[in-house]
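Visitor: Please take me through a single part of this model in close detail. I would like to see how its pieces fit together.

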Amino acid sequence: MAISVEQLIDASLRQHLIEGEVLAKLRIDARRNRSDILEVIAAHYRLPVSAFYQAAAELRGLSFVNPINLTPPASLLKRVPQALARRKLVLPVAETDDWVQVATADPDDRATLDALQRLLNKPVQAVVAEPSSLNVALNRHLNGAPQSGIAATVETDLIAMLDNILKEAYLRRASDIHLAQEESGLRVRLRVDGKLQDYHTDADGIVANGLISRVKVLANLDIAEQREPQDGGMSYRLAAPIDTEFNIRVATAPTRLGERVTMRLLGQEAQNLTLPLLGMAEKDMLHFRKAIRKPFGMILLTGPTGSGKSTTLFAALQEINNPELNIMTVENPIEYVMDGISQIQTGPKVTFAGALRSLLRHDPDVLMVGEIRDEETADVALKAAMTGHLVFSTLHTNTAVGTISRLADIGCEPYLIGSTMNAVIAQRLVRKLCPHCRKPRTASADEAMQLGQEGKQITVYEPVGCAACQGKGYRGRLGLYETLWFDESLSRMVSKATGEEELEAYAVSSGNLNRMWDDGTVKVLAGSTSLSELQNVAIKKH
């Protein structure tokens, strides 16, 4: 047995995971569409089912665990009848001289807990676990995993398995899904807020091969080719109540134990992209809005892969998108589909530079180049910016000022860079502290000094972990920005091939450069993120 749906909903309300007014509307929708109310709530709030069980655990003052990540002693497992463990969904997970810890889906089932206490001859401590995780853990630890099944049912199982993985990825707000074959079978991991999390399935090697083949079929890849890396893509729709469709970029690679697959879930909700959601400082936002409305010039976003550059670019395009402007993009792949914008995807026969040259003959006002990778693309983009077009693009550099040196290194003329550049924005993503459970504390003297508040008593916040953030202490991500705004003096200095240190000194003294550490400091003091997250992506310069 497990905690009832109404108990889960009540716990979620009392733990402020969901709101009463929204719940009333969702109940009406669920009745109208004959849908499961818990699935409707999960889809609306984008929460996995485990979050509701964690809320129930918190309400009862109990710990919440993922039993698959635990390794119970074999001697302890032998003392519990398998039939009882499977029927009542209980699994002993730890033992000391004084007590036995038991994972259960129903901590209110005192009869079962009392029976276990008599069996084990020790007091039992209940910890809460989500039922599907308990089932997987029971199958794994009790050596009773179901067989792979007859051939006629494998296809149906694979369809359901892939759907469940993608559904869980959507509810957890994952950006990537990793499918890897290991000795123990299929390992599934989801990248959530930049960190990988395990998602467990009962899948042996045969099922793993079948699932990977299914992904390859959907992505139009060659299922017979298993020794060469392949790239493809597909569109996937999750049924109601989630009822959403998104594009997936698929990459395969051969490994020692078989193929592995990485799926990148590409953002399709471009209509929700707005500049205020990016978290840019008010002063920088004013400069950025002014820069993206200039009739010509170049705006560059820099940073490593996965730092949110495309999101920032498309939020800017969404801001200026109107029928009076002809906006065209060259991308690989197309991450955000936007109405009113012509989007071209590069491929084996279409390069960034070639597509950009072609677009210049289509009377564009605004051009977006997905990435500047070589001298040819950079040269065409800079000349387009010089001849009356507003050009957006991205580049891989660590700092805003370092972008100038990088463009010069790949062969761009300094006069071209200086005469076309409007702004350079270097960015990183940090995890946002969960507002439900973040914990305030007084910063140490060293921390206050790092945050530019030497000698002051200041408050910083730490992650704790609750149902809303699935025990991580963080929920969602926030951009940290290093912004470099060009004026006439800075443009002249760049045109004269001035050194990086001199450019930076002028930009700081003139107020044209806002360093990433300074931007992050403001967000740490505001309680948006933690100091450890800032230290992971930025360095304080003295």
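Guide: Two strands pair if DSSP finds at least two bridges between them. This is a predicted model. Take strand 1 and strand 2 in it. They pair in the antiparallel sense, over 5 bridges. One pair of residues to locate is V90 and T104, where V90 stands opposite T104 in strand 2. Strands of a sheet pair through backbone hydrogen bonds, either parallel or antiparallel.

Now widen the view to the sheet. It is an open sheet of 3 strands, in the order 1-2-3, and its pairing is mixed. Strand 1 and strand 3 (124–128) stand at the edges. Each has a single partner strand, so one side of each is left without a neighbour in the sheet. From one strand to the next, the twist averages 30 degrees.

Helix 8 packs on this sheet. It touches strand 1 and strand 2. The direction of helix 8 makes about 70 degrees with that of strand 1.

How is helix 8 placed in the rest of the structure? Helix 8 covers residues 131–141, and 8 of its 11 residues are buried, so the helix is largely enclosed by the rest of the structure. Buried here means under 20% relative accessible area. The buried residues are P131, S133, L134, V136, A137, L138, N139 and H141.

What do these buried residues pack against? On the sheet side, the partners include strand 1 (90–95) and strand 2 (100–104). Helices take part too: helix 4 (49–59), helix 5 (74–77) and helix 6 (82–88).

For another example of antiparallel pairing, go along the chain to strand 4 (residues 174–182) and strand 5 (residues 185–192), which pair over 8 bridges. They form a hairpin with 2 residues between them. In this pairing, D176 stands opposite R191 in strand 5.

R191 also has an opposite residue in strand 6, namely L196. Strand 5 and strand 6 (residues 195–199) run antiparallel and are joined by 5 bridges. They too form a hairpin, with 2 residues between the strands. There D193 takes a positive phi near 50 degrees.

Back to the part you asked about. Strand 1 pairs with strand 2, stands at an edge of the sheet, and is touched by helix 8. Helix 8 itself is largely enclosed, because 8 of its 11 residues are buried.

Notes: Residues numbered from 1 in each chain as written. Predicted model: local features only at pLDDT ≥ 70, side-chain atom pairs only at ≥ 80, totals over all residues. Heavy atoms only, no water. Buried < 20%, exposed > 50% of the residue type's maximum accessible area, 1.4 Å probe, protein only. Helix = DSSP H or I, 4+ residues; strand = E, 2+ residues; numbered from the N terminus. Contact = heavy atoms within 4.5 Å. Axes fitted to C-alpha atoms, helices over the stretch in contact; angles between N-to-C directions.
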